[in-house]
Amino acid sequence: MRFSQSVSARLEGGVLVVTIDNPPVNALSAHVRSGLLAALDHAAATADITGLVISGTGRTFIGGADIKEFGRPMVEPTLPQVVESIEAFEKPVICAVDGAALSGGCEVALACHGRIAGENAAFGLPEVKLGIVPGAGGTQRLPRLIGPIAAIDLMGTGRAVKTREAVALGLADTVAADPVAAAIAAVHAGQPLRRTGNIDVPTAEPAAIDAAEANVLAKSRGQLAPAEAVRLVKAAGQLDLEQGLAEERATFLHLRDSEESAALRHVIFAERAAGKVERLAEVSPRRIETVGIVGTGLMGSGIAVSALTSGYHVIALEQTQEDAAAGRARIAGILNKAAQSGRLSKEAREACLARLETTAEAKNLAAADLVVEAVFDDFSVKTELFRRLDGIVAPGAILATNTSYLDPDAIATATADPSRVVGLHFFSPAHVMRLVEVVDCAKTAPDVLASALSFVKRLGKLPIVCGVTEGFIGNRIFSAYRREAEFMLEDGALPHEIDAALEAYGFPMGIFAVNDMAGLEIAWARRKRLAATRDPAERYVEIADRLCEAGRLGRKTGLGWYAYPNGERTVDPAVTAAIEAARAAKNIVPRAFTAQEIMDRLLKAMAEEGTALLVESIAARPGDIDLVMINGYGFPARKGGPMFAAEH
């Protein structure tokens, strides 16, 4: 029988087994909500039905609300109405969760009288990642079921728990190989109805609650929703269910309509669009099983680990056998840390090492389907490498350059077939950072670009396609706002004032502190390389050059834009004096800047450079630019990225 376009049911031994089929993630669209209520009504009116089992098709039980409905008039039945109807139902309602029960899906599960988890189940209330809190009872029912400490952790961070942890917490009752069959058996067992809303919130030590709250707030970087989620969990222990639900709903609606939530929804939609290239819709990627990596330094080792943990065979090339052995040790070290932290099983670690070959023999790369170079960012080094590879790898193999600033089109000319060259700009450390700029070179073949996108997605990373320009999307915008920051130094601001404004806005670190961490010599080398072609009429700030000439290259030398006695960042009067001397040399009368003025200038510089990238067709969408800055440069996701911020 069918209750809506996405909700059907079958009768099995007196139990109505309800199935939600709303691909791709069984979102709680209006027709799902109405179908669930119709199923409840049918079961209530049919005496022969002893109870219900709710299940979902595919790999998802229920993936949460349909965010396409956000900002539109509410369509009844609302999710709170559905959830309350499930919990109040007079016959047992058991959910069979074999897949993800997230957001509203988890709230539906919490309202059921029992929860049976399959081996692939996951439970979570990740609403804070959208700038909201659960709005259908999650903040009030979860702490009743698992206690306030665990509830603060799950809701405040938005993390999901898999089957075993869910059972240990009490979020799931048990695990079963066939959760639907087990749920039917639970209905037949005829146990007294256990309504989550009627359970008292377990008591917890105030100090433990405070510690859990502090942990969440430390990670939230000023985002509103995590603090509100914590407040509502604490309220669950102080208010009755009806009062708690009313407070939750009011908070949910307030946050849902906030600019922060709009920004985070923008990020979600931008991620869905990222990596989609219309002209590749009918293009099949090439088969990639073995990945060659040239260079096993910090970047190459990270790329190797990402490829190994994604199931690829890896051949890592170094200049000497000693370097190859050191490279293997570096890669093994990263894998060991992952195993020690529990992110990788010991068996998976051993499997990764079994798929790894490190060598000093370039001819071994003949077996590679894709070769990624991660050597020193020098044009002659990279072009010479590509010339060598051209005569080694198979004709159908793809060559990828990981350059940050060099012209990949020029590098491609070193090969006999530039159509097989693509840019893969990883961010360091490559095994941690999600972002990869996939550079569509002038002669990159469509199936080569499609293959690069497929490869990056299999790594579990976020691919952003861009055209060829110096610095691609991210470094070009970074250079633009670094330039603006240095203009403000001459105009009257100091490094720590600019950094403080950025950190107050939500960046994890200010731009001058970032430069010190990366090393000032990298940008200095680029500036020297471009000096001959620089327009003499263009404003140029020499302060950074003077610091480099004085040996102040950042944290590694103990001196940069800041001093680092005992490793602690401190304002250095010598830098202030250098800035003042530069102003005096140009007869600039300094003025004071507010934090708002600093951010206005920096955001304007980012947005203007982003607009130029769109006009030049280097970036396809404003959202792509926002994702690059959020995932590669610390722009706070709750602000939506520089293009979103400029628009709003």
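In this predicted model, Phe123 has Val161 in strand β9 as its bridge partner. Phe123 belongs to a pairing of two strands, since strand β8 (residues 122–124) and β9 run in the antiparallel sense and are joined over three bridges. Strands of a sheet pair through backbone hydrogen bonds, and they may do so in a parallel or an antiparallel way.

The two strands are part of an open sheet of four strands, which has the order β4-β6-β8-β9 and mixed pairing. At its edges lie β4 (60–62) and β9 (160–162), each of which pairs on one side only, and from one strand to the next the twist averages 20°. Helix α3 (residues 104–111) packs on this sheet, where it touches β4, β6 (100–102) and β8, and the direction of α3 makes about 95° with that of β6.

A second packing arrangement involves two helices, α11 (residues 259–273) and α25 (residues 622–633), whose axes are 9 Å apart and which pack at an angle of about 105°. Because angles from 65 to 115 degrees count as roughly perpendicular, α11 is roughly perpendicular to α25. The residues that meet in this contact are set out by helix below.

| Helix | Residues in the contact |
|---|---|
| α11 | His266, Val267, Ala270, Glu271 |
| α25 | Gly623, Asp626, Leu627, Ile630, Asn631 |

Taken by their character, the residues of the contact of α11 with α25 divide into four nonpolar, three polar and two charged.

Conventions: Residues numbered from 1 in each chain as written. Predicted model: local features only at pLDDT ≥ 70, side-chain atom pairs only at ≥ 80, totals over all residues. Heavy atoms only, no water. Pairing = 2+ DSSP bridges. Axes fitted to C-alpha atoms, helices over the stretch in contact; angles between N-to-C directions. Contact = heavy atoms within 4.5 Å. Parallel < 35°, antiparallel > 145°, perpendicular 65-115°, else oblique. Nonpolar A, V, L, I, M, F, W, Y, C, P; charged D, E, K, R; others polar.
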